[in-house]
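This report describes the helices of one protein chain, how they pack, and a few individual residues. The sequence and structure come first.

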Amino acid sequence: MAISESSFGPSAIATPANAVTITRLLVTVPLLMLIVDKPSSWPAVLLWIILCVTDGIDGYLARRHGTTRSGAFLDPLADKVLVLGAMVALVAADRFAILPVAVIAFREIVISAFRSFWVRRGLSVPASKLAKVKTVTQEVAVGWALLPWTADIRWLGDGTLWIALVLTVVTGVQYVHAGSRATRTGGA
């Protein structure tokens with residue numbers, strides 16, 4: 001029997017998308033251990049690519065089978081654990097500077113708190129296209145640092161990380177503005 005377009009209700013937990021997301025969370029742990037042990041390696045970059053690609057897969061599955069509240073919580077959590085975890089591991093491996101990673105981590109935590117606040121008031125502030133570009137830029141920065149062919153070209157990973165930092169700050173300001181405007185006009 002084929003799964004229909006909206007086969008899972010909003011309160012479903014055991015969904016294909018959530019299975020992919022939880023697997024991503026679990027596989028992130030060995031990836032982070034690989035990065036700390038040897039920041040630039042083929043196993044690390046291969047796992048990184050797989051985990052980044054599966055982010056799109058769980059999104060596709062969620063759109064196809066129906067989004068859920070648990071997925072709306074788990075997917076961004078998995079994204080943040082993966083990207084921030086990799087960045088922190090690269091800081092620990094002395095590959096990334098702490099300042100841009102700390103600012104990115106601070107923004108992600110603050111915006112996650114704001115979004116949670118708005119959701120409890122019935123408001124939704126979805127990710128903008130620029131926020132998606134920000135996420136991809138963060139992933140590319142980590143990828144450059146992990147890829148053995150580019151790991152010694154430090155300006156490539158570092159430069160991409162600084163671009164990601166700018167996008168992170170800009171999209172953070174956009175989220176706060178959008179949420180504040182929605183609160184004033186929509187009613188929390």
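What should the 18 residues of helix H5 (residues 129-146) span at 1.5 Å a residue, and how far apart are its end C-alpha atoms? The expected span is 26 Å, and the end C-alpha atoms of H5 are 26 Å apart, so the two values agree. The model is a predicted one.

**Overall composition**

The protein has 6 helices and 0 strands. From the N terminus on, its elements run α-α-α-α-α-α. Of its 188 residues, 41% count as buried. Among contacts between residues at least 6 apart in sequence, 80% join residues at least 24 apart.

**Helices H1 and H5**

Helix H1 covers residues 16-37, which makes 22 residues. From its first C-alpha to its last, H1 reaches 32 Å, close to the 32 Å expected at 1.5 Å a residue. H1 also has a kink of about 25° at threonine 28, shortly before proline 30. Threonine 28 is among the buried residues of H1, together with Ala17, Asn18, Thr21, Arg24, Leu25, Leu31 and Ile35.

In H5 the buried residues include the charged-residue names Lys134 and Glu139. Also buried in H5 are Ala131, Thr135, Thr137, Gln138, Ala141, Val142, Gly143, Ala145 and Leu146.

**Packing around H2**

Two packed helices are described by the angle between their axes and the distance between the axes. The table gives these values for two pairs that involve helix H2 (residues 42-65).

| Pair | Angle between axes | Distance between axes |
|---|---|---|
| H1 and H2 | about 165° | 9 Å |
| H2 and H5 | about 165° | 9 Å |

An angle over 145 degrees counts as roughly antiparallel. H1 and H2 are therefore roughly antiparallel to each other, and H1 passes H2 in a left-handed crossing. On the H1 side, the contact is made by Pro16, Ala17, Val20, Thr21, Arg24, Val27, Thr28, Leu31, Leu34 and Ile35. On the H2 side, the residues in contact are Pro43, Ala44, Leu47, Trp48, Leu51, Thr54, Asp55, Asp58, Leu61, Ala62 and His65. Thr28, where the kink of H1 lies, is thus one of the residues of H1 in contact with H2.

H2 and H5 are likewise roughly antiparallel, and H2 passes H5 in a left-handed crossing. Here H2 contributes Ala44, Val45, Trp48, Cys52 and Asp55, while H5 contributes Glu139, Val142, Gly143 and Leu146.

**Individual residues**

Tryptophan 42 is found in H2. Is tryptophan 42 buried or partly exposed? With a relative accessibility of 44%, tryptophan 42 counts as partly exposed. Leaving aside residues up to four places away in sequence, tryptophan 42 touches Leu147, Pro148 and Trp149. The C-alpha atoms of tryptophan 42 and tryptophan 149 are separated by 9.7 Å, although the two residues are 107 residues apart along the chain.

Tryptophan 118 lies in helix H4 (residues 98-120). Its relative accessibility is 3%, so tryptophan 118 counts as buried. Tryptophan 118 and glycine 179 are 61 residues apart in sequence and 7.1 Å apart in space, C-alpha to C-alpha.

Aspartate 94 is in the loop between helix H3 (69-92) and H4. Aspartate 94 has a positive phi of about 60° although it is not a glycine. At 62% relative accessibility, aspartate 94 counts as exposed, because the cut-off for exposed is over 50%.

Key
Residues are numbered from 1 along each chain as its sequence is written. This is a predicted model: local features need pLDDT of at least 70, side-chain atom pairs count only at pLDDT 80 or more; totals for chains, interfaces and linings use all residues. Side-chain values use heavy atoms; hydrogens and water are left out. Helices (H or I, at least four residues) and strands (E, at least two) are DSSP runs, numbered from the N terminus. The expected span of a helix is 1.5 Å times one less than its number of residues. The bend at a residue is the angle between axes fitted to the seven residues ending there and the seven starting there. Buried means under 20% relative accessible area, exposed over 50%, partly exposed in between (1.4 Å probe, protein chains only). Axes are lines fitted to C-alpha atoms, for helices over the stretch in contact, and angles run from 0 to 180 degrees between N-to-C directions. Angles under 35 degrees count as roughly parallel, over 145 as roughly antiparallel, 65 to 115 as roughly perpendicular and the rest as oblique. A crossing is left-handed if the near helix is turned anticlockwise from the far one by less than a right angle, and right-handed if clockwise. Contact means heavy atoms within 4.5 Å.
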